[in-house]
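User: Please examine the structure shown here and answer some questions on its disulfides, aromatic pairs and strands.

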Amino acid sequence: MRRKNTCVSLLALIFLGLSAVCWAGNSYVVPTTTLAAQTKNNSSAANTFSTQSNGNLGANNVSKMNVHTLLYPGATTKVFAHLMLWFGGSNHMNVGYSSTDATQVHRQIVDMISRGIDGVVVDWYGPNNSIDQATELVMAEAEKHPGFTFAIMIDQGAIQWDSCSGCSPQQTLIEHLQYMEQKYFPSPAYLKRGGVPVVTNFNIDLSFPGINWSSVSAALSTHPEFLFQNTDGFTHSLSRGSYSWVMPTTTDFGISYLTNFYDTGLSYSSDQTVGATYKGFNDTLASWGSNRIMKQQCGQTWLQTFAKINSLYNSGRQIPYVQLVTWNDYEEGTEIESGIDDCLGVSATLSGNGLEWGITGNEKVVNHYVVYISVDGQNLMSLVHTWPGNRSIDLCSFPIPLGNYKLFVQAVGKPSLANRMTSALSYSPSCKAATSSNLNITTLPAALVIPPGRRADVTVQIRSAAGSFNEAVGLSCNGLPANLNCSFSPEIVTPGSGIAKSVLTISAVSVTGMNGRSRDWGSLYASLLFPFGIGGVVLMGGSWHPRQKRWRNILGLICLVLGMALVTVSCGGSPNDRYSIAVRGSANSVEISTPVTVTVP
């Protein structure tokens, strides 16, 4: 009996402790992430992978901004990553993982999806080898993610090193395609156009110029769409399109090659054009390398290859496909899996209540900045997002209570570029609020729920608490995240001896990857956890008749578990994005602000 009562008491203490923790965190700073999450390796590269001399960045915190944001507005382009599946064997570089590890394949595809990538092109070397085994894993994983597709590029090595006994290159190619026809084409995740599978190849015609592709296609029950390579791929006898690649021997980072390729593709409007983007090239660490180097330019090569596409295509003239060259060719220095080094540095300083930050490097690699606030230096809340060119904020424009805080500034890179975080800055607010004898500002309502694509109005009232206030008061929003816009009508008011009103319109838009999670439902769950939790403790710990004891213990345990679950849910938050926006009024002699809470479901 004593042991059981001790157990009950311990459960009660744990329960009450969790409740206290949950309620204690219910303040202005509601953490939405952690410092560890924003600085650790968030890519599918191995945690042990280190920066290499060929320019590959070590395991890093990578921008998960959607890759499509680097394309022209209104792009319907499908973006594919080119994937090598030969790692883990002794004949290739050790990058810390094996391509035949299903867990690693899962990590890679999940990472690709998190960056907005639509599918993967597998560099394939024929059947019944480790690369083929890894390709099966890719197929199985792709099928678990609706909308994510895969295609196969038959490498010339599949014929050179995996020929059937006594077979000609053409016979070998036919056997390989018949194998693909049986094994891969039926997959619902295989890339198809109009129900027809798409197949590319690498250097097959260059290495085996005698192949008759019409005869190859005729030997198949399913006749794929063959995409060839480079500009002359469009004129191939059986071509349905062509893809471009990285050209490391060019002196202009491949831009003239890409220009010629896209111009040719535009003249073949019925064929498929597959564009190429890449970060650079360096094969000095490859066993087959010949010292070919195309510099990364601290991320600018990556951005320039997208800019070339955008200079020729638009929403009225779409490029159907783009291939990222490559996801993980570490040996030739084209991998983007671990992130692209943007050579950026960021540091921040505080002057009173003004936060400023500076950078070293080219700001063109930055997508946006995030200012985080923390009570303990580990659990962070996003305070505000700002865009490149704006590197300072007035902390008094936020309703931060008195206390001791830590501030961080993160430079979020453009897609697949590295993210950078400052060290912590200690901050204690010392803002001077307007006195009641000067000016008051109120909003009605003070809390809004705005679904994406909708907007709502708030009435802002400015009044003098005593006498007349004849200065012009300019209205603005501070702490506005990227997925909210605000406007005032009018933007400037003069209260005089009465009340000046303005209508604040807040609209919600969709911005991928920049939202934080809140805990708006916490108080609801918290209001329920005590009846369940305490009831469970009472039922389990009381002195009852022996015949009642068993059933009361069972009922008490159920109540306690429900209470604990509610604690977890109330601390865990809801799938809403909540923001605290400071509505600010600025005059010559005074500045005032009041918060408006916006929840985007």
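User: At 25% relative accessibility, does C167 count as buried, partly exposed or exposed?

Analyst: This is a predicted model, in which local features need pLDDT of at least 70 and side-chain atom pairs count only at pLDDT 80 or more, while totals for chains, interfaces and linings use all residues. Residues are numbered from 1 along each chain as its sequence is written, and side-chain values use heavy atoms, with hydrogens and water left out. Buried means under 20% relative accessible area and exposed over 50%, with partly exposed in between (1.4 Å probe, protein chains only). Because its relative accessibility is 25%, C167 counts as partly exposed.

User: Which cysteine forms a disulfide with C167, and what is the handedness of the link?

Analyst: A disulfide is taken as a pair of cysteine sulfur atoms within 2.5 Å. The partner is C164, with the sulfur atoms 1.8 Å apart, and C164 is buried at a relative accessible area of 18%. The torsion about the S-S bond is -120°, and the link of C164 and C167 is left-handed.

User: How many residues apart are C298 and C343, the pair that links distant parts of the chain?

Analyst: The sulfur atoms of C298 and C343 are 2.2 Å apart in a disulfide. Helices (H or I, at least four residues) and strands (E, at least two) are DSSP runs, numbered from the N terminus. C298 lies in the loop between β11 (293–294) and α10, and C343 in the loop between β12 and β13; the separation is 45 residues.

User: Why does the pair of Y262 and Y313 tie together parts that are distant in sequence, and how many residues apart are they?

Analyst: Rings of Phe, Tyr and Trp (its six-membered ring) pair if their centres lie within 6.5 Å; planes under 30 degrees apart count as stacked, over 60 as edge-to-face and the rest as tilted. Y262 and Y313 form an edge-to-face pair, 5.8 Å centre to centre with 90° between the planes, and both residues are buried. Y262 belongs to helix α9 (residues 255–267) and Y313 to the loop between α10 (300–312) and β12 (321–324), so the parts tied together are 51 residues apart in sequence.

User: Which are the edge strands of the open sheet with the order β13-β14-β17?

Analyst: Two strands pair if DSSP finds at least two bridges between them. Seven bridges join β13 (residues 345–351) to β14 (residues 354–360), and the three-strand sheet has antiparallel pairing. Those that pair on one side only, and hence form the edges, are β13 and β17 (392–394).
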